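Q: Pick one part of this model and take me through it up close, please. I'd like to know how that part sits among its neighbours, and then what else is worth a look along the chain.

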Amino acid sequence: MVRAQSRTGQCMKTIIEPFRIKTVEPIRMTTREERQHLLAAAAYNLFALKSDDVLIDLLTDSGTSAMSTAQVAALVSGDESYAGSPSFFRFESAVKNLFPFKHVLPTHQGRAAEAILFSVLGGKGKNVPSNTHFDTTRANIEASGAEGFDLVIAEGLDPRNEHPFKGNMDVARLDAFLAKHGDSVPCVMLTVTNNAGGGQPVSLENIRATAAVAHKHGKPFIIDGCRFAENAYFIKLREKGQQNRKVEDIVREMFQNADGMTMSAKKDAFANIGGWLALNDDVLAQSARERLILTEGFPTYGGLAGRDLDAIAQGLKEIIDEDYLAYRLRTSAYIAERLEALGVPTVRPSGGHAIFVDARAFLPHIPPLQYPGHALAAALYLEGGIRSCEIGTVMFGMQSDGHEQAAPMDLVRMAMPRRVYTQSHADYVVEVFEEIAAEKDRLRGLKIVWQPQRMRHFSAKFEPLR
Ligand SMILES: *Cc1c(COP(=O)(O)O)cnc(C)c1O
C-alpha cells in the first residue's frame, strides 16, 4: 500500500495518490433530470452518450491514462523523421530494457500487432491456445481462418473463488492440447493480466511452466503483455519468494521465458495510442516487418508519430514505479471492498485495472434476457453520471444462428483510467452504489428494440421495461 512514513517510521494510515495535479480537465456536472433525457436520447446505450455528459468515465482503461510532466516534455522532443528517427531508438531501447526481445516493431495499437502476428502465423486449420484470448486477439485469429482456445484454470471461471492467480494457464490441459493438435498449433499465447477473465494475474511459476510445455512441443511462446506491470506487482505481492524483488526484475524474468510479445501501449505504457510486436526469431520478424510496411508504416515508426514513440518510452519508465503500482492495485481493491460491504457482489479477488460487479447476483429479480448488467449500468449513469460497461448477455447473448441465450455471467465492468481519478471520485462511485442498493428491487430490465447483426452492444437501442 502507498503509505507515507511518519517520523517514527510508522506507516501513515491515509493512502495517497503518488502524484500531484498540474493540469486539470474540468468535469461538467449534470443533474439527474438532464441525465434522464440524455439516456433516453441515447436509446439507453452508454456508448451513444457524449463523453462530456459523463461525470466519471469508467468505460475503459485503454488510452485514457493521464500523462506525466515528463511524458508531455517527451512529446515536444518527438522527432518526426520518416526513417531512423531518434524517437524510435528511444522507444526501442525502453522496450528492450524491460523485454529482452531481438526485434521490436511499433504498431498503432495492440490489435495491429495481433493482426500482423496472425497474418504470419495464422491461417485455416490452425489452432491457437491461450489462458483467455482477449476479444481483438480472438477476432484476429479467426479473421485469419484459425481458431482460438481458452485454457484458463477452473478457478478462473468461478467469480467467488479467491485463488491468487486466477489468470493461470491450465498447464496439464495445454500439454494434452498440444499432444492432440500438434502440427496445427503455430504458437502458444498467454494474456497478462487476463483481461477477459477479470484482470486476474498469472504467476511467475505458471509463466515458466507454460513456456516449458510450449517449448517441449517445439512451439513459440508469445505473451500478450498489455498489463505486464500490474501482473508483475501482483507477483510481488502474492507469489512466494518474490516479495523482495524489484518489479522491473520480475518483468524481465516473465518475458525471458517468451519468444515474443504483443502489446497495447494504451494500457501499461501510459500512452494514448500505440503498441508493438516483439519477436526473437529472425525469419518470423522479417515476414512481420514486411507486413508492417504494408499495413502500418516504415519499421522505425509503425503506425505512430515520433512523439507517440517518445511518450511510450517515458511511460515505460514510469509504469514500473512501485508507489504507482501499489496505489493502482489498491484503488480497485478499495472500491471492491466497499462494494462488498454494501452487499454488492464483485468478482473476487479484485483484479488490477477494473472492478467487476456481478449484476445477476445483485439483481436476481431481473432475468438474464432482460439484461441485469445493462440495467445496472444504465442506473449507474442515471443516478450518478458514471459510465461503465456491461459484460454479459447484451455483449455475448446473440448466437451466430440468430437466437438469443443468457451469457455465462452478467457483469458490469468499471475500468479505472490510470492516474486520472482521486480517492474522492472512488468514494463518490461507492455512494452512488449505496443509493442504488437501497432501491434495487425497483430497478427494471430492458428490451432491445433495434440491433445490428454483429457486436450489438456498441449500437443496440433499448427501451426500459415497465
Ligand atoms: C486492449 C487489449 C488488446 C488490444 O489492444 P488495442 O490497443 O485496444 O488494439 C489486446 N489484448 C489485451 C489483453 C487488451 O487488454
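A: Let's start with strand E8 (residues 221-224), where Phe-221 and Ile-223 point one way, Ile-222 and Asp-224 point the other way, and all are buried. Buried here means under 20% relative accessible area, exposed means over 50%, and partly exposed is in between, with a 1.4 Å probe and protein chains only. The names of elements come from DSSP runs, counted from the N terminus: helices are H or I runs of at least four residues, and strands are E runs of at least two.

A quick word on the ground rules. Residues are numbered from 1 along each chain as its sequence is written, and side-chain values use heavy atoms, with hydrogens and water left out. This is a predicted model, in which local features need pLDDT of at least 70 and side-chain atom pairs count only at pLDDT 80 or more, while totals for chains, interfaces and linings use all residues.

Back to E8 and its two partners. On one side, strand E7 (residues 188-191) pairs with E8 in the parallel sense, over 4 bridges; two strands count as paired if DSSP finds at least two bridges between them. Look for Leu-190, which stands opposite Ile-223 in E8. To get from E7 to E8, the chain goes through helix H7 (residues 204-216), and this β-α-β crossover is right-handed. In practice that means that, with the strands pointing away from you, the path from the first strand over the helix to the second runs clockwise. E8 also runs parallel to strand E9 (residues 260-264), and 3 bridges join them. Here Asp-224 has Thr-262 in E9 as its bridge partner.

Asp-224 also takes us straight to the ligand. An N or O atom in the Asp-224 side chain is 2.7 Å from a nitrogen atom of the ligand, which makes a polar contact, the term for a pair of N or O atoms within 3.5 Å (inside the protein, one must also be able to donate a hydrogen and the other to accept it, and residues adjacent in sequence count only if both atoms are side-chain atoms). Ser-264, in the neighbouring strand E9, has a side-chain N or O atom 2.7 Å from an oxygen atom of the ligand. Asn-195 joins in too, with a polar side-chain atom 2.9 Å from a ligand oxygen. The protein covers 98% of the 380 Å² of accessible area that the ligand has on its own. Those areas come from the Shrake-Rupley method with a 1.4 Å probe, and for residues only the protein chains shown count as cover.

Who else is around the ligand? The shell holds 14 residues, and Arg-111, Asp-224, Arg-227, Ser-264 and Lys-267 are the closest; a residue is near the ligand if one of its heavy atoms lies within 4 Å of it. Helix H4 (residues 110-121) gives the most to this shell, with 3 residues. Sorted by class, the shell has 2 nonpolar, 6 polar and 6 charged residues. For that sorting, Ala, Val, Leu, Ile, Met, Phe, Trp, Tyr, Cys and Pro are nonpolar, Asp, Glu, Lys and Arg are charged, and the others, Gly among them, are polar.

Now go back along the path from E7 to E8. Thr-193 sits in the loop between E7 and H7, and the peptide bond from Val-192 to Thr-193 is cis, with omega near -20 degrees. Further on, His-215 is in helix H7 and counts as partly exposed because its relative accessibility is 37%.

There's another cis bond further down the chain, from Arg-348 to Pro-349, with omega near -25 degrees. Pro-349 is in the loop between helix H12 (322-341) and strand E11 (354-358). Phi has its own oddities: Ala-43 has a positive value, near 50 degrees, and Tyr-44 has one near 60 degrees. Most residues other than glycine have a negative phi, and most peptide bonds are trans. You'll find Ala-43 in the loop between helix H1 (32-41) and strand E3 (56-57), and Ala-43 counts as buried because its relative accessibility is 15%. Tyr-44 is in the loop between H1 and E3 as well, and is buried at 18%.
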